[in-house]
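These are my notebook entries on a structure that I looked up step by step. I record what I examined and what I found.

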Amino acid sequence: MIVSTQKNIDQILTALDGGSRVFIVGCAKCATVCKSGGEEEVFGMQEELTVAGKEVTGTIVIDEACHILRTGRDLRSRREQVDLADFLLVLSCGAGIQSVAEACDKKVVAGTDSRFLGNIRRFGQFEQRCSLCGDCRLNETGGVCPVTVCAKGLLNGPCGGMQDGSCEVETDNRCAWVTIYERLERQQRSGQLDIATPARDYIHEAHPGSLKLEK
Amino acid sequence: MPTRLARKLAADEFVITAEVAPPHGCDLSAFLRSATCVAPHVDAVNVTDNQGANMRMTPLAAAALLVREGIEPIMQLTCRDRNRLGLQSELLGAASLGVHNILALTGDDIGCGDHRQGRAVFDLDSVLLLQTIAAMNAGQDMNGTVLSGATSFFAGAAAAPEVEPFVATRPKLIKKVAAGAGFFQTQAVFSSAKLATFCAVVKPLGCAVIAGILVLRSAKMAEFINRNIPGLNVPDVVIERLRTASDPAAEGVAIATEMAVSCRDISAGIHLMTMGHDQLVPRIVAAIS
């Protein structure tokens, strides 16, 4: 899922400066799970904006705000409330915010910062394991992604800052390459670590990415 | 023609290196003073590359200046601040200016330096940088395109003999040697037993070990290093020795000298890290010779 966090209210109010009427958009998927833009947060934002002297013309929680056509359709179903607003405040990931921006010509305000593609450890705890690099090498690394879990994204082993198995950059984290070594050792595959991994081909990460499935 | 460092290591002669940091500005006078202070006592002088992720003059310019002064440099080159184009063009520039010893490094985390908001590159890592240097020595860039003029670098790499778990670092050491590392300059070592174990692992790979010797001035400095400098870890027993000494600075020199002396029988050389106290280099070199 896409992990996002809400911007603080002062930032949001600054972005809403110059208009008094706001329509709030949330997302029923990722932003709900990470509590940045679900029903509860949209309602909370409505209260905060009201206290700050804004008029909330309406709210909607879209099933998947990243779905461009669905977002357009859902916003059209609330056309009157949307038309009354000076701003659309969107509490979803950056993908959802851009679906909303594409669906209408109103000024769109991002109420969140999108952080990473996250695994869920338990309720309210998210961890980045995948960077969407487009060139998966988990088959060679015991299922641990060095591009993501190594803070430097190194492909050929730990850096000189590893100490007692801890990462130089975030000492609370275990060094990705120590974890990889231990896993491959348990699987009697550690010998494959003696062969250098070639440099990455960043063509796989060229953006904006697009994909059209063939019929 | 091979560098003096390469020749001495090939001839099994004990080598001594030290390091100087390029300036944070364009005035090279202090840098040159440091280099000329240590140069008569060492075989080559490392020129650091934005060490600790703190912005300094490019080591290419500083190392080229040493060449002009008749001092043999080892140019450190990290993968943190340049992508593959930047690294290769820096290397070609170095070769053209007579800088032929390169220490290929990954680079400390940008978050530990003075430009923490910056983006670290790490397009290549130290192994891939060594492969690139080997390709350039063979007359090609890293994509296999022929160069107008091959380089003749003597490349080295970093190693951490006392790190735990050491076994997890071993595959990368093997890769570094396979990629062309002719020498390892190690992180600071404090235990000759651990250094001997390390050399036993590395020697069969055919790579010379230059042991890092850190000259400490006080227990406080050691604790600061442990907290703030990646890869350096001063053991408690050394810190205690500094703490209880009547003259901690002299004790620091004594500790470094003892370690340096024991290296004579274990490693191919020593690399003195005096943290800016260049005047200590002649003292320690005199003590071991």
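Before counting, I fixed one term: a residue is buried if 20 or more other C-beta atoms lie within 10 Å of its own. I also noted that this is a predicted model.

**Entry 1: chain A as a whole**

With that cut-off, I found that 38% of the 215 residues of chain A count as buried. I then looked up the extent of the C-alpha trace of chain A, which spans about 65 × 45 × 25 Å along its principal axes. For chain A I read a radius of gyration of 22 Å, whereas a compact globule of 215 residues would have one near 17 Å. I noted next that chain A is divided into domain 1, residues 2-116, and domain 2, residues 134-205. The C-alpha centres of these two domains of chain A lie 39 Å apart. I listed eight helices and seven strands in chain A. Among the contacts in chain A with a separation of 6 or more, 57% come from residues 24 or more positions apart.

**Entry 2: the sheet of chain A**

In which order do the four strands of the open sheet in chain A stand? I read the order E3-E2-E4-E5, with parallel pairing. Strand E3 (55-62) and strand E5 (107-110) of chain A are at the edges with a single partner strand each, so one side of each has no neighbour in the sheet. On average, neighbouring strands of this sheet are turned by 25 degrees against each other, direction ignored. I followed one pair further: strand E4 (residues 87-91) of chain A pairs with E5(A) in the parallel sense over four bridges. In this pair, A:Phe87 stands opposite A:Lys107 in E5(A).

**Entry 3: helix H8 of chain A**

Which residues of helix H8 (residues 176-186) of chain A are buried? I wrote down A:Ala176, A:Trp177, A:Val178, A:Thr179, A:Ile180, A:Tyr181 and A:Leu184. Helix H7 (146-149) of chain A is included in what covers these buried residues of H8(A). Just after H8(A), I noted a positive phi of about 55 degrees at A:Gln188.

**Entry 4: the barrel of chain B**

Turning to chain B, I found a closed barrel of eight strands, E1-E2-E3-E4-E5-E6-E7-E8, with parallel pairing. Its neighbouring strands are turned by 30 degrees against each other on average, direction ignored. Strand E2 (residues 44-47) and strand E3 (residues 73-78) of chain B run parallel and are joined by three bridges. B:Asn46 stands opposite B:Ile74 in E3(B). Helix H2 (residues 29-38) of chain B packs on the sheet and touches strand E1 (15-20) and E2 of chain B. The direction of H2(B) makes about 165 degrees with that of E1(B).

**Entry 5: strand E4 of chain B**

E3(B) is joined to E4(B) by five bridges, and the two run parallel. The bridge partner of B:Thr78 in E4(B) is B:Leu105. Why is strand E4 (residues 101-105) of chain B largely enclosed by the rest of the structure? I count five of its five residues as buried, so the strand is largely enclosed. In a regular strand the side chains alternate between the two faces of the sheet. In E4(B), B:Asn101, B:Leu103 and B:Leu105 are buried on one side, and B:Ile102 and B:Ala104 are buried on the other.

**Entry 6: the contact between the chains**

Finally, I looked up how many residues each chain gives to the contact: 24 from chain A and 29 from chain B. On the side of chain A that touches chain B, I recorded 13 nonpolar, seven polar and four charged residues.

Terms used. Residues are numbered from 1 along each chain as its sequence is written. Chains are lettered from A and ligands numbered from 1 in the order in which they are written. This is a predicted model: local features need pLDDT of at least 70, side-chain atom pairs count only at pLDDT 80 or more; totals for chains, interfaces and linings use all residues. Two residues are in contact if their C-beta atoms, placed from the backbone, lie within 7 Å. Ala, Val, Leu, Ile, Met, Phe, Trp, Tyr, Cys and Pro count as nonpolar, Asp, Glu, Lys and Arg as charged, and the others, Gly among them, as polar. Domain bounds come from an automatic or database domain assignment. Two strands pair if DSSP finds at least two bridges between them. Axes are lines fitted to C-alpha atoms, for helices over the stretch in contact, and angles run from 0 to 180 degrees between N-to-C directions. The radius of gyration is taken over C-alpha atoms; the globule rule is 2.2 Å times the number of residues to the power 0.38. A residue is buried if 20 or more other C-beta atoms lie within 10 Å of its own, exposed if 12 or fewer, and partly exposed in between; C-beta atoms are placed from the backbone.
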